[in-house]
Every structure is written in structure tokens, then in C-alpha cells.
Amino acid sequence: MSPGGGTRAIGVDVGGTKIAAGVVGPDGLIGELTRVPTPPGPGVDDAIVAVVEPLLATGDVVAVGLSVAGFVRADRRSLVFSPNIDGWLPGDLAGAVESRLDRPVVVENDANCAAWGEAVHGVGQGATTTVCLTVGTGLGGGLVIDGRLHRGFGGFAAEYGHMALVPDGLPCGCGGVGCWEQYVSGAALVRAYLAHQGAGPDAAVSGRAVTEAAENGDQSARAAFGTVGTALGRGMAVLGAALDPELYVIGGGVADAGALLLDPVREAYEAALTPRQLHRTPARVELAALGSAAGVIGAGDLARRHAEEGPARGR
Ligand SMILES: [Zn+2]
């Protein structure tokens with residue numbers, strides 16, 4: 001069978017509040033997504049099995065891919081560490097569900113899944129080098145070069161959110177200081193909004209509420225998008241110096257604001273891109289096309305390729 005041929009796999013996006021799953025074939029998502037709430041504490045493996053089992057009946061399912069936030073081991077079976085989740089995943093995540101589903105299970109970093117989904121079935125189709133940035137709870141990253149997901153030596157490539165871009169900056173859940181995601185995330189958006197308002201840092205506001213306020217013309221909310229967008233664009237110029245990508249894909253909940261985020265991103269990116277003195281064509285900066293389905297589609301497609309090509313050639 002040709003690489004990535006006619007088989008299907010199930011992609012599962014294991015999030016902090018909900019678990020979404022769907023069947024993925026060569027042409028992308030087949031049918032609708034199924035969603036269940038993520039149980040608090042133990043029981044996540046039971047919830048994954050419960051959401052996947054009915055989908056197995058669609059037939060020809062060769063593997064299951066799990067998209068999970070955190071640093072995934074190179075063997076793609078479990079997590080080393082998750083800065084934004086409180087230890088509710090089993091140590092051997094793949095093993096915990098594999099025997100019960102009777103299919104090989106592959107664990108992938110959530111931002112890698114989103115990047116791969118956009119590369120094969122979304123806005124990244126045809127691009128040579130794509131940097132994907134997911135702005136949500138944290139700042140996730142993915143890198144696709146010449147049709148392959150770049151994982152790095154230990155499996156931890158493209159963790160751009162933990163590049164220390166601000167000396168002596170804010171502490172991060174990873175143990176570092178001044179990490180990029182402390183300035184580009186839903187929490188950073190709220191913090192910027194409260195600062196522009198002159199409110200205390202303890203005021204209860206959600207990122208979604210800041211987006212709605214900005215869409216309704218609230219000046220503090222619009223300024224907050226300017227602050228976060230500028231931080232995002234400047235960091236993208238740092239990545240540009242290293243990678244010279246053709247395309248940046250911006251996704252995640254904060255990107256639902258569209259031009260409110262992208263306008264300051266493009267402005268800061270082009271102003272900071274090196275070398276400024278040369279006539280250089282800036283990379284395209286586009287919003288993600290697949291929305292919340294990107295993780296499911298990417299996890300499913302990576303799992304079915306893994307099953308067909310084997311781990312040695314798996315993307
Ligand atoms: Zn960090």
C-alpha cells in the first residue's frame with residue numbers, strides 16, 4: 001500500500017475540559033466529531049475508551065492517535081511533563097488504552113497534531129516550511145518541513161512557547177523564566193487587558209470576554225490584542241531568522257479574534273524581521289483553517305501513517 005494510503009484512524013484530542021474524537025481518512029475528517037467532558041482526576045483513560053469504542057464500528061480503523069498537551073516521549077507512548085495540566089494522565093497513556101481498544105495507540109503533542117492537521121488538510125497545504133503557533137492556555141508550536149513533521153532528537157522540537165525571550169521575565173510552569181508563552185496566551189491577553197484598564201491583576205475576566213469586548217470596540221481590550229500580537233510578531237521574527245518559513249499558521253482560542261490579533265502580529269513581525277536592509281519577501285501569516293478539529297485530524301492522520309509506515313518512517 002502506498003504511504004498514507006486508504007486506511008483510517010481515529011484521532012482523539014485530549015483537552016483539559018473536553019475530549020473530542022473523530023475518524024480520519026486520506027481526505028481528512030469523516031463524519032462529525034464526538035465530544036465528552038474530561039473527567040477531573042483519574043479516569044481519563046476510561047473516558048478515551050468510551051469515546052473511541054463507538055467509532056471503531058465504522059470499520060477499517062488501523063490505529064488511534066491521542067493529541068495531548070505536554071512534552072511527549074520520543075517513543076510516542078507517554079508524556080514526560082505537562083506544564084499546564086495537573087498530573088491527571090496515566091504514566092503509560094498508550095498502554096492504558098491500547099489493550100482495551102485492540103489497536104496500536106500513538107501519543108502526540110497537541111500543537112504538533114494541530115500543525116500536521118493544518119499542513120495536510122488545512123491552510124498549510126503546499127507550503128514548503130510551515131511554522132504553526134497555537135495561542136490558547138499556553139503557546140504551542142509545530143514545524144512541518146518538506147512534508148514531514150519535525151520532531152527533533154528527543155521528540156521535543158518546536159516548543160517555541162518555552163524559548164526564553166525576556167531576560168529576568170515572568171516565571172513559567174516549565175521552570176524557566178521569561179518564556180514566550182508567558183507573553184502570548186489567553187492568560188497573557190487577560191493580564192494585558194487588566195493592565196490597560198488599570199484594574200488589579202486579580203479581577204476575574206476570561207480571554208473570551210476580552211475578545212468580545214475588543215470586537216465591541218473596547219479600547220483596553222483592543223490594546224491588549226496589540227500587546228499580545230506585538231509579542232507574538234517579535235518572537236516570530238526570531239523564528240524567522242532561524243527557519244525562514246514560507247508560512248506561519250496562527251490558531252487557538254485567542255486567534256478567534258482574527259484581524260484584531262493578526263494586524264499587530266504582521267506589523268511587529270515585519271518590523272523585526274532580519275535582515276531588515278535586504279529585499280526579503282516576508283512569510284505569509286494566516287489564521288488556522290480547521291479550528292478545534294485540527295488536533296483530531298492531525299492525531300488521526302499521524303496515527304494512520306504510523307500504522308502503515310511503521311515507527312522508523314512514521315512522520
Ligand atoms: Zn516555559
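Two residues are in contact when heavy atoms of theirs lie within 4.5 Å. In this predicted model, that simple idea is a good way to start exploring, and Cys132 makes a friendly first stop. Cys132 sits in strand β8, which covers residues 129-135. Setting aside neighbours within four places in sequence, Cys132 touches Ala114, Ala115, Gly140, Gly141, Gly142, Tyr160 and Val249. Its relative accessible area is 4%, so Cys132 counts as buried, the cut-off being under 20%. Gly217, by comparison, is 85 residues from Cys132 in sequence, and the two C-alpha atoms are 29 Å apart in space.

Strand β8 also leads into the interior of the protein. The largest nonpolar core has 39 residues, and those with the most contacts inside it are Leu133, Leu232, Met236, Tyr248 and Ile250. At least two residues of this core come from each of β8, β9 (139-145), α4 (186-197), α5 (207-215), α6, β11 and α7 (259-272). Helix α6 gives the most, with 8 residues. Leu133 shows what such a position looks like in detail: beyond its neighbours within four places in sequence, Leu133 is in contact with Leu139, Gly140, Tyr160, Trp180, Leu232, Met236, Leu239, Tyr248, Val249, Ile250 and Gly251. A second core, separate from this one, has 27 residues and includes Val23, Val64, Val97 and Val107.

On a broader scale, the domain assignment divides the chain into domain 1 (8-114 + 292-309) and domain 2 (125-288). The C-alpha centres of the two domains are 26 Å apart. Where they meet, the contact takes 16 residues from domain 1 and 17 residues from domain 2.

Helix α8 comes next. This helix runs over residues 294-309, which makes 16 residues, and spans 22 Å from its first C-alpha to its last, close to the 22 Å expected at 1.5 Å a residue. Of the 16 residues of α8, 14 are buried, so the helix is largely enclosed by the rest of the structure. Just after α8 comes Gly310, with a positive phi of about 85°.

A zinc ion offers a change of scene. Its protein donors are His162 (through ND1) and Cys172, Cys174 and Cys179 (each through SG), at 2.0 to 2.4 Å from the ion. The angles among the 4 donor atoms are 104 to 123°, and the site is tetrahedral. Along the chain, the donors follow the spacing H-x9-C-x1-C-x4-C. How exposed are two of these cysteines? Cys174 has a relative accessibility of 28% and therefore counts as partly exposed, whereas Cys179, at 2%, counts as buried.

Finally, the backbone has two positions worth a look. Most residues other than glycine have a negative phi. Arg76 is not a glycine, yet has a positive phi of about 60°. This residue lies in the loop between β5 (71-72) and β6 (79-81). Asp244, also not a glycine, has a positive phi of about 45°. It is found in the loop between α6 (219-243) and β11 (247-251). Are these two loop residues buried or exposed? Arg76 has a relative accessibility of 7% and so counts as buried, while Asp244 is exposed, because its relative accessible area of 53% is over 50%.

How values were computed. Residues are numbered from 1 along each chain as its sequence is written. This is a predicted model: local features need pLDDT of at least 70, side-chain atom pairs count only at pLDDT 80 or more; totals for chains, interfaces and linings use all residues. Side-chain values use heavy atoms; hydrogens and water are left out. Helices (H or I, at least four residues) and strands (E, at least two) are DSSP runs, numbered from the N terminus. Buried means under 20% relative accessible area, exposed over 50%, partly exposed in between (1.4 Å probe, protein chains only). The expected span of a helix is 1.5 Å times one less than its number of residues. Donors are N, O and S atoms within 2.8 Å of the metal (3.2 Å for Na, K and Ca); water is not among the atoms, so sites may look incomplete. Four donors count as tetrahedral if all angles lie between 85 and 135 degrees; four count as square planar and six as octahedral if opposite donors are over 155 degrees apart and all others between 65 and 115; anything else is irregular. A nonpolar core is a set of buried Ala, Val, Leu, Ile, Met, Phe, Trp, Tyr and Cys residues joined through side-chain atoms within 4.5 Å. Domain bounds come from an automatic or database domain assignment.
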